[in-house]
Amino acid sequence: MKTWHMVAALAAAAVLTLTIGLFPARAAGPDGCPQAAFGFSTDERDRMRAAVDKTRADAKSPGIAAGVFVPGRGSWICVIGVSDQETGRTMNAADRFRVGSITKTFTGTAVLQLVDRGLIGLDEPLSRYVDWPDGNAITIRQLLNMTAGVYDYTEDPEFQKRYQADPAGSFGPRDALDIARNHEPYFPPGKGFHYSDTNYILLETVVERVTGRAIGDLIEEGIVDKLGLASTGYPTTPALEPPYARGYDETPDPGDGETLRDVTESNPGYAGAAGAMTSNLGDLRIWAAELANGALISERLQRERLQTVPLAQGAQVSYGLGIADWGGWLGHNGTILGYNTAMFYLPETGAVIVVEVNRSALDTDHATPLFGELAKILYPDR
């Protein structure tokens, strides 16, 4: 930045910080968009609002929270709808959501921290830590970047029936690994790409055997607390810490498709280190930037993290060590029963986009397409 721009930039940053610092405490109506705004043109704001409205209509979601933050250009937070259909409580940007697979960014960081400490080797075999079929050929790196070929337990039809029938029911890492053991791998280790939640359950097991501690505790102490992410956590019970948005899915017998089931209370053991965590818009904004810029790990391992492999031949999306590269945007998305989220950071400008939706089945994603629409509005030439 040129020196003569410094004073103006600092003044703008101070206003932006004040605005964003206050927004969670401000009440908003069910049509609270924007709940906070600074910068951007009227046309950009109108188009972003239209994109949020369309996504809410397409998803038939009770509510959506979206935030767009671009240094030197503007900040825009849109919160519409309700967080609780029964009480009519309006959604607020401070509300916690289950963030699903965004958890993998935390788990990946925790693993890399242990690599930095010399307790885990990226290219060491899984068999050094866990007894697993082909464990001598599977490496920690392959688990992190989804090239291990391990069957994804969440694709098992019986698992899906069990989770949907009783979201708060008993389930844990051993159950997930037992399911995966009963299925053939997708391919030999290192010979393909297949997104697998089982990989991160195996990493959870590795971490806990190496350290003797629960991975959730390590994540909260080594990442969440160090970065001051006060609304982010790794729950161990089905309840959520308030304030939170309630999560919804269609009932098992949806009829006309409009009846929603409240699935807020969900056993985090179903997702574990692959998807158990909770957060809110403000914390995800911070974490997106810290993750992409390599906070809390060495520069060497950050370079390793960003060595990505494409999801498929010619795909614009690729995957690294617990992080996705979405056409140059770094971050992750997450889908879990009742909630759908996306969190991405653009290194060249420092832009962050966060989207949260409080309705989701196990196979739906409206947050990521909305992120894409907002990114296109901001950067039409990318």
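Start by selecting aspartate 134, which is placed in the loop between H3 and helix H4 (140–144) of this predicted model. Its phi is near 65°, a positive value in a residue other than glycine, and aspartate 134 is partly exposed, with a relative accessible area of 45%. Then move along the chain to methionine 146, in the loop between H4 and H5, where phi is again positive, near 65°, in a residue that is not glycine. Methionine 146, however, is buried, its relative accessible area being 0%.

Next, select helix H3 (residues 103–116), whose 14 residues should span 20 Å at 1.5 Å a residue, a value with which the 20 Å between its end C-alpha atoms agrees. Colour the helix by accessibility and you will find H3 mostly covered, with 13 of its 14 residues buried. Glycine 118 follows H3, and its phi is positive, near 80°. While you are in this region, show the side chain of lysine 104, which lies over the face of tyrosine 200 at 5.8 Å from the ring centre.

From there, go to leucine 229, in the loop between helix H8 (215–227) and strand E6 (248–250). With a relative accessibility of 2%, leucine 229 counts as buried. Leaving aside residues up to four places away in sequence, leucine 229 touches Phe106, Val224, Asp283, Ile286 and Trp287. Of these, tryptophan 287 is worth a distance label, since leucine 229 and tryptophan 287 are 58 residues apart in sequence and 8.0 Å apart in space, C-alpha to C-alpha. The loop between H8 and E6 also holds proline 243, and if you display the backbone there you will see that the peptide bond from proline 242 to proline 243 is cis, with omega near -5°.

Now show the aromatic side chains, among which the structure holds 16 aromatic pairs. Phenylalanine 97 and tyrosine 339 have ring centres 5.8 Å apart and planes at 75°, so this pair is edge-to-face. The two residues come from distant parts of the chain, 242 residues apart, with phenylalanine 97 in strand E5 (residues 97–98) and tyrosine 339 in strand E13 (residues 339–346). Both phenylalanine 97 and tyrosine 339 are buried.

A second edge-to-face pair is formed by tryptophan 329 and tyrosine 379, at 6.0 Å centre to centre and with 65° between the planes. Tryptophan 329 lies in strand E12 (residues 329–336) and tyrosine 379 in the segment after helix H11 (367–378), so the pair ties together parts 50 residues apart in sequence. Tryptophan 329 is buried at 4% relative accessible area, and tyrosine 379 also counts as buried, at 14% relative accessibility. Keep tyrosine 379 selected and add arginine 73, whose charged end sits over the ring of tyrosine 379, 5.4 Å from its centre. For a group of rings, select Tyr153, Phe159, Tyr163, Phe171 and Tyr270, which ring pairs link into a cluster.

Finish at the largest pocket, which holds about 740 Å³ of space. Its lining is made up of 31 residues, and those nearest its centre are Ser101, Tyr195, Asp197, Thr335 and Leu362. Helix H5 (157–165), strand E10 (317–319), strand E11 (324–326) and E12 are the elements that give two or more residues to this lining. Which of them gives the most to the lining of the largest pocket? Select E12 for the last view, because the lining takes five residues from this strand, the most that any element gives.

Definitions and conventions
Residues numbered from 1 in each chain as written. Predicted model: local features only at pLDDT ≥ 70, side-chain atom pairs only at ≥ 80, totals over all residues. Heavy atoms only, no water. Phe/Tyr/Trp six-rings, centres within 6.5 Å; stacked < 30°, edge-to-face > 60°. Helix = DSSP H or I, 4+ residues; strand = E, 2+ residues; numbered from the N terminus. Buried < 20%, exposed > 50% of the residue type's maximum accessible area, 1.4 Å probe, protein only. Lys NZ or Arg CZ within 6 Å of the ring centre and 35° of its normal. Expected span 1.5 Å × (residues − 1). Contact = heavy atoms within 4.5 Å. 1 Å grid on protein atoms, 1.4 Å probe; cavity = no way out; pocket = protein on both sides within 12 Å on 5 of 7 lines; lining within 4 Å. Points joined across faces, edges and corners; volume = space filled by probe spheres on them.
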